[in-house]
Amino acid sequence: MAARWVHYASTISLAGVFAFLCFVVGPKVSPRLHRRLRSLAWASLALAALSGVAWLLLLSVQMSGQPILATLTQGVAGTVLTRTRFGEIWVFRFALAVLLAALLLMPRGWRGRPWRWGGLALSAGILAALAWAGHGGATPGRPGDLHLAADMLHLLAAGAWVGSLIPLALLLAETRQSGDPSPPATARHAVARFSMLAAISVAILLAAGLVNTWFLAGTVPALIGTEYGRLLLAKVAILIMMVAFGSVNLLRMTPRLAPGTGGRRPLIQSALGHLHRNALVEAGLGLCVLAIVAVLGILPPGLHTEPGWPLPFRLELAALAARSKLALATLIVLAGVLAVGGAAAAAAGRYRMMIATWSGLALCAALAALLLWPAVETAYPTTFYAPAEPYAATSVEHGARLFAESCALCHGADGKGDGPAAAALTVRPADLTAPHLLMHTEGDLFWWVSHGKANGAMPGFAGVMSPGERWDVINFVRARAAGILSQAAGPEVSATAAPAVPDFAFESGGRQQTLNSVLQNGPALVALIAGPRFASRAAGLAAVRKQLAAAGLRVLAIGLGSAAGAPTEASASSPLVGVAADVAATLALFRAPDDGGETDLMLDRAGNVRARWTAGGAYGLPDTAILVVNAARVARFPAAAENHAAHPH
């Protein structure tokens with residue numbers, strides 16, 4: 001980590017020297033300052049080279065598990081250098097560093113405008129290429145291109161701002177030591193140009209940082225519930241402190257260098273002193289930020305780890321009315337404006353305006369709290385966990401057996417809370433078939449199954465079941481509740497929250513497939529058929545298969561009950577599919593006793609039940625035209641969100 005930190009700091013310092021020469025002082029730099037900046041560039045380049053070699057060796061040790069000496073003598077470092085992407089990037093950046101060293105060796109007479117801009121291009125290339133070694137370089141596809149571009153811009157903006165702070169401090173120190181009664185025009189203009197460069201850099205950092213955060217920690221749980229997210233928030237807090245010091249420089253100290261203050265030497269000297277100290281403080285804070293960046297580079301992103309929710313509550317914004325959401329959004333915008341205005345007033349020393357704006361900010365916070373109160377829900381450390389076991393028929397069937405062994409005594413075999421032991425309990429067991437069950441997160445259910453509920457009335461099973469077994473029980477409870485809730489669905493496509501059918505494997509034409517793989521291509525109609533009608537109904541679906549396929553609808557005809565295990569020697573394009581006994585038992589949860597022998601479920605790409613028909617229902621089974629129209633509507637619903645969790649628990 002130390003090698004990464006030094007490498008980031010030195011490459012940013014190297015780019016900052018040339019950014020300062022090109023954008024801040026230009027050709028008017030004094031010979032003494034030019035020598036100091038050139039020495040700083042040499043020191044930064046040397047540190048970058050040494051830390052880069054150390055980083056390469058440490059990575060070789062990590063990849064091989066061998067000591068450093070062995071990695072050198074046995075060619076491991078050479079393998080990393082020539083056969084990994086990190087090595088290819090290292091070689092490319094080393095070549096740029098060699099060219100930059102040659103540039104720095106040029107005689108004084110050649111160090112004009114081409115020398116400065118050439119140095120900027122080479123140092124910026126060395127810095128920007130670091131993005132390929134980070135998370136941005138590992139994101140695949142077109143989103144990866146956006147992530148990589150954002151990473152590059154983030155690094156370049158950091159080089160332009162943070163890397164220019166030490167050169168600025170050197171310029172201010174030289175100006176202060178000159179003893180002139182007023183600051184030279186070069187210094188005054190340099191401070192103004194640096195402020196503009198810093199403002200542009202901060203804007204780029206903000207935009208690129210938002211993109212990076214979206215890819216790596218794009219949810220509130222990932223931000224405050226993971227080590228990666230909390231370090232990212234600490235980095236943002238330090239950056240805000242840096243911006244605060246910069247704002248004081250811009251709004252309070254820089255105006256004191258104006259030409260009209262030429263006769264007020266103490267005021268000018270004081271302003272130069274403050275500017276110099278604040279630049280050094282900003283540089284120190286920048287080093288802290290880079291230390292955090294070095295740690296973030298070796299941590300899994302927040303979206304790829306389980307968030308441990310630190311608060312005893314969460315906000316369920318879906319519970320708010322539309323008017324409340326609009327008012328809340330308005331308050332957030334107003335609060336942002338007041339926060340920026342208050343910070344600017346404080347930096348400028350206008351304390352009355354600061355108090356007024358921050359009082360308005362406090363009022364906005366109080367009103368927002370009142371609006372959010374109906375959305376407050378109890379939360380637990382595991383509230384935002386993603387299931388470690390997929391919501392699939394195999395897990396559901398295993399969970400059904402575990403439920404019968406450990407839970408049915410209190411909750412009852414059908415989960416309605418009327419088991420044999422329920423009457424003796426002071427707190428009635430929950431009805432696990434009620435619709436509100438699916439309003440709780442999977443993480444809430446995991447906490448209750450693990451640690452119990454209702455002050456011990458429900459015991460915890462963390463000491464009895466493994467984490468995987470607890471997730472199996474939760475998947476069964478969710479599937480059974482979803483099956484009951486799906487019976488409320490009708491023949492019209494519903495856009496409201498809908499229950500989901502578990503994933504399952506099936507065989508068609510001698511080939512194994514899964515429901516989720518089918519849904520990746522569009523909606524599906526799952527026909528659950530029981531009894532003697534299986535053969536005739538399957539034949540009818542086969543006759544219209546091509547019409548439905550042209551509409552983007554895949555049909556899966558599955559035999560249940562007495563029709564289970566019906567022959568499925570049809571081709572892969574046939575609607576007839578064969579399933580294992582555990583799949584048949586799971587899908588039976590989505591049938592009603594009075595369905596007349598068949599239940600048809602139309603699923604969107606996330607597996608949610610959007611429409612339902614039964615042979616014994618008032619509307620009967622759908623004809624081809626209805627299926628085609630509904631398939632077009634269901635196809636508009638989004639696919640299931642990707643589960644990034646790594647499930648370390």
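Does Y380 count as buried or exposed, and at what relative accessibility? Here are some notes to help you find your way around this predicted model.

1. **Y380 and its partner.** To take the opening question: Y380 counts as buried, because its relative accessibility is 18% and the cut-off for buried is under 20%. The structure holds 12 aromatic pairs. In one of them, Y380 and W447 have ring centres 6.0 Å apart and planes at 20 degrees, so this pair is stacked. The two residues come from distant parts of the chain, 67 residues apart: Y380 sits in the loop between strand 2 (376–378) and helix 15 (393–406), while W447 belongs to helix 17. W447 has a relative accessibility of 22%, so W447 counts as partly exposed.

2. **A second stacked pair.** Now look at F446 and W471. Their ring centres are 4.5 Å apart and their planes meet at 15 degrees, so they are stacked too. This pair also links distant parts of the chain, with F446 in helix 17 and W471 in helix 18 (residues 467–486), 25 residues apart. F446 counts as buried at 6% relative accessibility, and W471 counts as buried at 0%.

3. **D444 in helix 17.** Stay with helix 17 (residues 442–451) and pick out D444. D444 is buried, with a relative accessible area of 2%. Leaving aside residues up to four places away in sequence, D444 touches R314, Y380, T382 and T383. You have already met Y380 as the stacking partner of W447.

4. **Charges over rings.** Two spots are worth a look here. K453 lies over the face of W448, at 4.0 Å from the ring centre. R480 lies over the face of F403, at 4.7 Å from the ring centre.

5. **A ring cluster.** Try finding Y8, W55 and F86 as well: ring pairs link these residues into a cluster.

6. **Helix 13, checked with a ruler.** Helix 13 (residues 322–348) has 27 residues, and at 1.5 Å a residue it should span 39 Å. The C-alpha atoms at its ends are 39 Å apart, which agrees with that expectation. You can repeat the sum yourself, because the expected span is 1.5 Å times one less than the number of residues.

7. **What helix 13 packs against.** Which residues of helix 13 are buried? They are L328, L331, A335, L338, G342, A345, A346 and A347. These buried residues pack against helix 11 (227–253) and helix 14 (351–372). Just after helix 13 comes G349, with a positive phi near 80 degrees.

Conventions. Residues numbered from 1 in each chain as written. Predicted model: local features only at pLDDT ≥ 70, side-chain atom pairs only at ≥ 80, totals over all residues. Heavy atoms only, no water. Helix = DSSP H or I, 4+ residues; strand = E, 2+ residues; numbered from the N terminus. Buried < 20%, exposed > 50% of the residue type's maximum accessible area, 1.4 Å probe, protein only. Contact = heavy atoms within 4.5 Å. Phe/Tyr/Trp six-rings, centres within 6.5 Å; stacked < 30°, edge-to-face > 60°. Lys NZ or Arg CZ within 6 Å of the ring centre and 35° of its normal.
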